[in-house]
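Here is a set of short exercises to work through with the structure open beside you. Try each task before reading its solution.

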There are 2 protein chains.
Amino acid sequence: MALRKDAQRNRERLVDAARAVFAERGLDVALDEVARRAGVSIGTLYNRFPTRADLVRAVFADRAETVVRIAEHALGTDDAWAGFTHFVEQVCRMQAADRGYNDLAARSLPQAAPTPEHVRGYELMTEVVERAKRSGALRPDFVLSDMAFVTWAITRTIEATADVDPQAWRRHLGFVLDGLRAPAAHPLPVPALTDEQVGRIMRDC
Amino acid sequence: MALRKDAQRNRERLVDAARAVFAERGLDVALDEVARRAGVSIGTLYNRFPTRADLVRAVFADRAETVVRIAEHALGTDDAWAGFTHFVEQVCRMQAADRGYNDLAARSLPQAAPTPEHVRGYELMTEVVERAKRSGALRPDFVLSDMAFVTWAITRTIEATADVDPQAWRRHLGFVLDGLRAPAAHPLPVPALTDEQVGRIMRDC
DNA sequence: GAAGAAGTTGAGGTCATGCTCAACTTCCTA
DNA sequence: TAGGAAGTTGAGCATGACCTCAACTTCTTC
């Protein structure tokens with residue numbers, strides 16, 4: 001059975017308000033701020049979204065699709081390395097523009113994915129990485145789980161520098177990418193995290 | 001006027017307890033946990049350390065000296081690049097061993113430094129970086145404020161992976177250092193943060 | 001060893017956030 | 001358009017952390 005008309009309107013208002021508030025202040029804002037901004041009572045918020053995660057999911061439901069588009073574009077680029085850097089840069093740009101998405105990226109990189117879009121985004125990201133390795137431009141000892149390091153690093157820099165210099169993350173990303181080129185590679189001291197380990201970390205917030 | 005004997009003993013107990021609790025759970029633990037562990041009332045804690053920052057300072061007072069020692073050792077190494085990587089690795093190792101110090105590193109890189117030891121640590125760190133650049137091994141466009149990126153990145157990885165794989169940060173650091181070698185350098189898209197900007201970020205938590 | 005200075009204590013006030021639920025309102029349907 | 005289902009409301013309870021202060025204890029000094 002569908003939602004009643006008023007309920008549907010309230011739901012939309014809540015998601016819109018949450019989108020704005022999350023973008024401004026991150027995923028950990030007090031939820032009554034969201035309710036107030038939506039012009040709705042806190043009870044209605046909890047009625048519609050019993051947990052914060054439900055609300056977060058609703059707000060960022062469409063982002064998986066965006067990631068898919070970015071990855072497809074990256075795979076359409078002739079130069080595999082350019083595709084890889086394009087992918088990373090675009091995702092980082094989304095993070096820099098939205099504190100909520102930045103938080104989300106730090107906590108749940110597409111992984112152990114629920115929706116078909118998430119699965120597809122995950123697969124395409126894998127292919128972006130593998131293709132860049134096959135081309136010889138991305139260092140061969142880089143594996144998918146190492147993307148977590150990239151994400152965490154840039155995420156943290158965005159958090160720290162957003163107020164002072166909103167473009168600073170680009171410089172950090174420059175250093176990071178220079179460390180991922182094949183000619184830059186020196187032996188790594190320890191093996192990669194398993195995908196399972198990364199998944200566990202993400203699940204624990 | 002000096003502290004009374006019992007007060008001095010309580011102070012020591014508080015600092016010891018705080019050291020242990022911070023190391024285990026980070027700088028943001030509830031302070032009554034510290035008081036409980038010290039076997040002292042919460043009132044005494046506030047009496048001795050009016051703010052959390054006072055307690056943190058007392059706990060980590062000796063660390064500045066340790067950093068100085070590490071930097072001196074680094075500067076004593078013939079190979080400037082080996083000295084630089086040694087310095088970074090040892091500081092990261094300290095962070096990995098102590099969640100409190102890890103938090104501290106993310107928030108206040110030695111900067112706008114209060115004690116003489118801090119000033120000295122800051123100067124030596126500058127020299128470690130400059131020497132590595134002069135040697136031609138560290139990329140010439142790297143500046144001191146870029147150390148903040150390194151610190152934030154490894155800090156975040158340590159936070160995320162400590163429970164799952166306590167050595168994982170070494171792999172991340174491997175990627176980072178490979179991006180800092182001179183031959184790896186590609187032009188950076190934006191200029192560095194100023195030292196003043198980094199200082200402001202640290203001050204705002 | 002008496003007196004007062006120094007230090008300790010912990011119950012309790014304050015605040016921010018999460019979350020609930022009984023009374024009320026709106027909507028839909030027959 | 002009446003009645004009941006669906007949805008809304010917000011005061012209020014719960015929790016947990018911060019911090020205070022008046023009454024109490026311990027130390028030091030003469």
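**Exercise 1. Find how chain B is placed relative to chain A.**

Step 1. Chain B is superposed on chain A by a rotation of 180° with 0.0 Å of shift along its axis, at an RMSD of 0.0 Å. This is the relation of a two-fold axis. The fit is by least squares on the C-alpha atoms of residues with pLDDT of at least 70 in both copies.

Step 2. The residue of chain B closest to the rotation axis is B:G179, with its C-alpha at 1.7 Å.

Step 3. The copies meet through the same surface, because 100% of the interface residues of chain B are also interface residues in chain A. Contact here means heavy atoms within 4.5 Å.

A note before going on: this is a predicted model, in which local features need pLDDT of at least 70, side-chain atom pairs count only at pLDDT 80 or more, and totals for chains, interfaces and linings use all residues. Residues are numbered from 1 along each chain as its sequence is written, chains are lettered from A and ligands numbered from 1 in the order in which they are written, and side-chain values use heavy atoms, with hydrogens and water left out.

**Exercise 2. Describe the protein surface near DNA strand C.**

Step 1. DNA strand C is surrounded by 20 residues, and the closest are A:R52, B:R4, B:N10, B:S41 and B:T44. Of the strand atoms that come within 4 Å of the protein, 70% belong to sugar and phosphate. A residue is near a strand if one of its heavy atoms lies within 4 Å of it.

Step 2. At least two residues each come from α1 (5–25) of chain A and from α1 (5–25) and α3 (42–48) of chain B. The most come from α3(B), with 5 residues. Helices are DSSP runs of H or I with at least four residues, numbered from the N terminus.

Step 3. Now look at single atoms. A polar contact is a pair of N or O atoms within 3.5 Å. A:R52 places a polar side-chain atom 2.2 Å from a phosphate oxygen of DNA strand C, and for B:R48 the distance from a side-chain N or O atom to a phosphate oxygen is 3.0 Å. A:R4 reaches a base oxygen of the strand, with a side-chain N or O atom 3.0 Å away.

**Exercise 3. Carry out the analysis for DNA strand D.**

Step 1. Among the 20 residues around DNA strand D, the nearest are A:R4, A:N10, A:S41, A:T44 and B:R52. Sugar and phosphate make up 72% of the strand atoms within 4 Å of the protein.

Step 2. α3(A) supplies the most to this surface, with 5 residues.

Step 3. Phosphate oxygens of DNA strand D lie 2.8 Å from a side-chain N or O atom of A:T44 and 3.0 Å from a polar side-chain atom of A:R48. In B:R4, a polar side-chain atom is 3.0 Å from a base oxygen.

**Exercise 4. Is A:Y101 buried or exposed, and which residues does it touch?**

Step 1. A:Y101 sits in helix α7 (residues 99–107) of chain A.

Step 2. A:Y101 is buried, because its relative accessibility is 9%. Buried means under 20% relative accessible area, exposed over 50%, and partly exposed in between (1.4 Å probe, protein chains only).

Step 3. Leaving out residues up to four places away in sequence, A:Y101 touches A:F60, A:R63, A:V67, A:V91, A:M94 and A:Q95.

Conventions: A polar contact is a pair of N or O atoms within 3.5 Å; within protein, one must be able to donate a hydrogen and the other to accept it, and residues adjacent in sequence count only if both atoms are side-chain atoms.
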